[in-house]
Amino acid sequence: MRAMTSSAARSDAAQAHEHALGCFLRGLGDPRPTLERALGADPDFVPAHLLRAGLAIASKDRGALAAIDAVLAQLGRGLPQLSERERAHLAAAQAWRVGAPDRAASLYASIVRLWPHDLLALRLAQSCCFLLGDGRGLHEVAARAMPYWRAGMPGYDCALAMHAFGLEEIGECGRAQAVGRRALEIVPRNPVAVHAVAHALASAGDPLAGLHWMEGRAEDWTNDGAMAAHNQWHVALFHLALGRAGRALAIYDAAIAPVVALSATDAADAAALLWRLELHGIAVGRRWHSVAHAFALRPMPALWPLIDVHAAMAFAAAGRARELDRLRSALAGAGRVAHKVALPVARGLEAFAAGEYAQCAATL
């Protein structure tokens, strides 16, 4: 009876894990409750632990490092029993944890080369490359896997969506649109694929087509998933590019402002949109204060220097001198990119917010 129960629990865990992985890869809802059900059914189900670490890595959030620590501790105790691929995932997560995203990207890419159907490794390789600003690497890791995929394989739409985003990152906007649309022919409700096409249209400089695309596919990307607010951000930018600043501000208030405290990337999107709106002559009032407050609650510096730049933007615009000083001090003692790039950009943004445009230009 114990064997039967164990087999049933393992089956339940596997099904819950596959559902959670699909939610993560497509940007549908919150995969974490389903993932916890998988671990509740089988606390030793390794793929679920690796997905938990993957969610933390993809968040690029210093506050998620504890989740990675928990996975490393849990799986490290049973290391000899892990498969070669599982040990490779663990090594990549460890590299991320110790602040080596370049090594993590390389390790995840190696997993994809050996196991090209490993969608979690592909997603995390691209995430690491995105943090590093390595558009070529982001493209290549997906492009190398695609010959091993065929129509009808589970998750093929996810592989196509990631390939589409990689194509956009190297400027192949037409191909990116075609591949992203192909993904949506397989699974229409895939916000990540919708986003890849929107990104390609934005990069191609066609905001009207981008707006029509997002509005026409609204049922396929509007949900409570991690991509929802970011996709709304793209819609706002399309409106802004078309001279509809009021509509962009309305989208900010309805869809972006409510989530600024949920993640560092959502707060960064909020800051980026408010700054653009002000450059277009729109008075955003006290909206800056909630964004600055969200950043102030987060550890400084962030794992991703891009987040620090947007935090500086919010602190400067909101007149939060104390938090800006704290961020500058944190960046001065942080890694090379933070010190050499994020810190001077932060100083430039501070000068711009103060109306010292010559100083801003000289600093930048």
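The following exchange between a biologist and a modeller goes through a predicted model and asks how its descriptions are justified.

Biologist: What makes the pLDDT of the protein chain acceptable for a detailed reading, and where should one hold back?

Modeller: The chain averages a pLDDT of 94, and 99% of the residues score at least 70. Over residues 1-5, however, the pLDDT is below 50, and this stretch has 0 contacts in the model beyond near neighbours in sequence. Where pLDDT is low, the predicted coordinates should not be read in detail.

Biologist: Why is Asp220 called buried?

Modeller: The relative accessible area of Asp220 is 16%, and buried means under 20%, so the term applies to Asp220. Asp220 is found in helix 13, residues 218-221, and, leaving aside its neighbours within four places in sequence, it is in contact with Pro188, Arg189, Asn190, Pro191 and Val194.

Biologist: Why, then, is Pro154 called exposed?

Modeller: Here the relative accessible area is 73%, and because exposed means over 50%, Pro154 receives that label. Pro154 lies in the loop between helix 8 (135-145) and helix 9; its C-alpha atom is separated by 45 Å from that of His289, the two being 135 residues apart along the chain.

Biologist: How do you know that the span of helix 10 agrees with its number of residues?

Modeller: Helix 10 covers residues 173-186, which is 14 residues, and at 1.5 Å a residue these should span 20 Å; the end C-alpha atoms are 20 Å apart, so the two values agree. Within helix 10, the buried residues are Cys173, Ala176, Gln177, Val179, Gly180, Ala183 and Leu184, and they pack against helix 9 (156-169), helix 11 (191-203) and helix 12 (207-216).

Biologist: What makes helix 16 largely enclosed by the rest of the structure?

Modeller: Of its 16 residues, 12 are buried, and it is therefore described as largely enclosed. Among the buried residues are Asp266, Asp269, Leu273, Leu274, Trp275 and Leu277, while the cover over the buried residues of helix 16 includes helix 14 (228-241), helix 15 (245-256), helix 17 (287-296), helix 18 and helix 20 (336-353). As for its span, helix 16 (residues 264-279) reaches 23 Å from first C-alpha to last, close to the 22 Å expected at 1.5 Å a residue. It is followed by Gly281, whose phi is positive, near 85°.

Biologist: How many cavities of 30 Å³ or more does the structure hold, and which residues are closest to the centre of the largest cavity?

Modeller: There are 2 such cavities, and about 110 Å³ of space lies in the largest. Its lining counts 14 residues, of which Ala264, Arg298, Pro299, Ala302 and Ile307 are the closest to the centre. Helix 18 (residues 305-318) gives the most to this lining, with 4 residues, and by class the lining has 9 nonpolar, no polar and 5 charged residues.

Biologist: How does the lining of the second largest cavity divide by class, and why does Gly54 not count as nonpolar there?

Modeller: The division is 8 nonpolar, 2 polar and no charged residues. Gly54 and His89 both belong to this lining, and because Gly is placed among the polar residues, Gly54 is not nonpolar. About 50 Å³ of space lies in this second largest cavity, and helix 3 (46-59), helix 5 (84-97) and helix 7 (119-132) each supply at least two residues of its lining.

How values were computed: Residues are numbered from 1 along each chain as its sequence is written. This is a predicted model: local features need pLDDT of at least 70, side-chain atom pairs count only at pLDDT 80 or more; totals for chains, interfaces and linings use all residues. Side-chain values use heavy atoms; hydrogens and water are left out. The expected span of a helix is 1.5 Å times one less than its number of residues. Buried means under 20% relative accessible area, exposed over 50%, partly exposed in between (1.4 Å probe, protein chains only). Contact means heavy atoms within 4.5 Å. On a 1 Å grid over the protein atoms alone, a cavity is a set of points where a 1.4 Å probe fits but cannot get out, and a pocket is an open set with protein on both sides within 12 Å along at least five of seven lines; lining residues have an atom within 4 Å of a point. Grid points are joined across faces, edges and corners, and a volume is the space filled by probe spheres set on the points. pLDDT is the predictor's confidence in each residue, from 0 to 100.
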